[in-house]
Amino acid sequence: MKIGILCYPTYGGSGIVATELGMSLADKGFEVHFISSALPARLDVTNPNIFFHKVNVQTYPLFQYQPYDIALSSMIYRVVNLYKLDILHAHYAIPYAYAAFTAKQMLKADNKDIPLVTTLHGTDITLVGQHPSYKHAVEFSINQSDTITSVSESLKKDTLQFFDIQKDIQVINNFIDNSVFDEEGNACQRKQFANDDEKILIHVSNLRPVKRIQDVLEIFKNVNKKVKSKLIIIGEGPEMEKISEFMENNPELIGEIKLLGKVNDLYRILQLSDVFLLPSEQESFGLAALEAMAARTPVISSNAGGIPEVNIQGETGFLAEIGNVEAMSNYCIKLLSDEKLLEEMKKNAKAQAIHFDLKNILPIYIEMYQNTIAKFEEAKYKEV
Ligand code: GMT
């Protein structure tokens, strides 16, 4: 099977899922073609089954805005024709599902067509997709997809609530390759980040307002008063300014907070962390929390969106209402002050990550592709 994957190349949940999925499919012998504006961050192009096609946007002085979506559709059309793809998989509704629909129309004009799968990831539904500028195009392109998948039950519910969707939505959860997180002797040295008597709290995100970075900082401030600790923040994004502001207002914490920016082998740092903070305003699944769990790190989070499907109250961590910094701080203090509880939750977190292992989720994706192609061919046959 030859699969075309359309995704964002940057550090962000949808791009990571698309890249990890494509690489795992390539390992299984499928031919996988990535179409994106840049090389996806985690993509290993040394695999002979992986192809990367960069979308080039021709700048022209007449254009006030460069037409990326047109260049993307043309590239999809071109790659499907050149490499005889069997199926397209768009990750994130805009612009990918929309551009794929246009490419399909171009193919149809040549009496060709291939099926389209669209995976909804989160903010394409809960945030940006609802903006009046995009809503109709998002709804239309979802409905034009042959198969629709969402990364959690919660996101499926939101999609059906916010849009008029005329097809079934199959939930295929985010996944993790636990084997990567299990490699021994790979963890960084704990003393690089904290003293022996200190606990390590960690937050990883693209630091957008939806991640509530202010809550992360306030929780740490409360915890640090009671438990000797350090906070590691990994990622870059628009809320960086909030962190600098917080440091200015809390100079006593400057030495306690370490900003690492974008990090490639994240698991090496997650492996030595004691608790992961995820107080998000919205979170369709919480891949970052799953990555933490795979590294045996319990999660203190909000109960937004699909997080409760991943982080189980009192088992793999604790959850509180969005914005309830006090409750999340207290849970964190409780967890970090009780070695027995901490060890038990670390164990439970890992067990939960195994539940979402690649080995369990990849066959679901493969079956979904096979079913989609079979249904598509059947419908074509009936048309003739
Ligand atoms: O929020 C991010 O980090 C990026 C965003 C994306 O679409 O790139 O992530 C979303 O997709 C992830 C993978 O499916 C989910 O695990 C995240 O929960 C989701 N983020 C939000 O819903 C805010």
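**Notebook: ligand shell and Thr 159**

I looked up the ligand first: 19 residues surround it, and His 121, Asn 174, Arg 208, Glu 283 and Ser 284 come nearest (near: a heavy atom within 4 Å of the molecule). The model is predicted, so local features need pLDDT of at least 70 and side-chain atom pairs pLDDT 80 or more, while totals for chains, interfaces and linings use all residues. Numbering runs from 1 along each chain as its sequence is written, and side-chain values use heavy atoms, without hydrogens and water.

I sorted the shell by type and found five nonpolar, eleven polar and three charged residues (nonpolar: Ala, Val, Leu, Ile, Met, Phe, Trp, Tyr, Cys and Pro; charged: Asp, Glu, Lys and Arg; polar: the others, Gly among them). Helix α1 (residues 13–27) gives the largest share, three residues (helix: a DSSP run of H or I, at least four residues, numbered from the N terminus).

I then checked distances to ligand oxygen atoms. A backbone N or O atom of Ser 14 lies at 2.9 Å, and one of Gly 13 at 3.3 Å. A side-chain N or O atom of Asn 206 is 3.3 Å from a ligand oxygen. The ligand alone exposes 490 Å², of which the protein buries 94% (Shrake-Rupley method, 1.4 Å probe).

Next I turned to Thr 159, in helix α6 (residues 153–162). I find Thr 159 buried, at a relative accessible area of 0% (buried: under 20%, 1.4 Å probe, protein chains only). A polar atom of the Thr 159 side chain is 2.6 Å from the backbone oxygen of Leu 155. Beyond four places in sequence, Thr 159 is in contact with Leu 120, Ile 125, Ile 142, Ile 165 and Ile 169 (contact: heavy atoms within 4.5 Å).

Definitions and conventions:
Helices (H or I, at least four residues) and strands (E, at least two) are DSSP runs, numbered from the N terminus. Buried means under 20% relative accessible area, exposed over 50%, partly exposed in between (1.4 Å probe, protein chains only). A polar contact is a pair of N or O atoms within 3.5 Å; within protein, one must be able to donate a hydrogen and the other to accept it, and residues adjacent in sequence count only if both atoms are side-chain atoms.
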